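Welcome! Please take a moment to look over the sequence and the 3D view before trying the exercises.

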Amino acid sequence: METPKGGTTSGALEMASLPQTLQGDEVRLAAAIESLLFVAGRPLEHNELRKVLGVSEEELQKGLHALARTLEEQRRGLRLQRLGTQVQLVTAPENARYVAALLGLPLTARLTPAALETLAVICYRQPITRAQIEAIRGVNSDRALASLIQHGLVAEVGRAPTVGHPALFATTPEFLQQFGLTSLDELPHIDGLPDVQRAVQALQERLPLSEGAAASDSLREQAP
């Protein structure tokens, strides 16, 4: 039975009706995960996938690795994007220019130094509070942080267990998708806790904003 993207079938999530033959079969499990992510059209949590597929976290991880490996090795037009316990299918970063052309989107973009510094600090220290960002940068970061939040690159992810319970911020799946990353593990490794300039340099090396690999023109800012 075929299910169109975004469609549902009666009883699709009832575990009793699901076959248990996926366990131990990475190829079939990877294919099943691909189908679910395609139909969902949104990031899915690990627990959602485990429930539908009837597999353990260990089995799920094997299936995810198999799917990611297949998509990359076969140079398919999609990639598996992972952020925390969420996974989704995204377009391959090397095809960004074609996707942008089809959708009529600009390909180049530029972040101001303030926004880039703030984004770099969040990338390497997340989750992080506004006060911690400003302590590292040494300047007020309200405007830069607000811009990153507005464009979906950064989001509030919780509250710190300290006095006042300030908001914690982290990068989003949209950040990964915009800049052609499939996980935060692809960011350049920096020993220890990076200072601002090293973090910015590392981010620029992986995310050539001057070329606009997968960024949106809406990220432009006018103020530092």
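Below are three short exercises on this predicted model, each with a worked solution.

**Exercise 1. Get an overview of the protein: how many helices and strands are there, and what share of the residues is buried?**

Step 1: Begin with the secondary structure, which comes to nine helices and six strands.
Step 2: Turn to burial, counting a residue as buried when its relative accessible area is under 20%. Of the 224 residues, 39% meet that mark.
Step 3: Look at the outside. The protein exposes about 12500 Å², and carbon and sulfur atoms supply 52% of this area.

**Exercise 2. Find out which stretches have a pLDDT below 50.**

Step 1: Start from the whole protein, where pLDDT averages 80 and 77% of the residues score at least 70.
Step 2: Go to residues 8–18, where pLDDT stays under 50; the model gives this stretch twelve contacts beyond four places in sequence.
Step 3: Move on to residues 208–224, which also have a pLDDT below 50. Here the model shows 45 contacts beyond near neighbours in sequence.

**Exercise 3. Work out the strand order in the open sheet of three strands, and find which helix lies across them.**

Step 1: Read off the order, 4-6-5, with antiparallel pairing.
Step 2: Locate the edges: strand 4 (128–129) and strand 5 (154–159) each pair on one side only.
Step 3: Follow strand 5 to strand 6 (residues 167–171), to which five bridges join it. Across this pairing, glutamate 156 stands opposite phenylalanine 169 of strand 6.
Step 4: Add helix 5 (residues 113–125), which lies across strands 4, 5 and 6 and runs at about 95° to strand 6.

Terms used:
Residues numbered from 1 in each chain as written. Predicted model: local features only at pLDDT ≥ 70, side-chain atom pairs only at ≥ 80, totals over all residues. Heavy atoms only, no water. Helix = DSSP H or I, 4+ residues; strand = E, 2+ residues; numbered from the N terminus. Buried < 20%, exposed > 50% of the residue type's maximum accessible area, 1.4 Å probe, protein only. Areas by Shrake-Rupley, 256 points an atom, 1.4 Å probe, with all protein chains shown as cover. pLDDT = per-residue confidence, 0-100. Contact = heavy atoms within 4.5 Å. Pairing = 2+ DSSP bridges. Axes fitted to C-alpha atoms, helices over the stretch in contact; angles between N-to-C directions.
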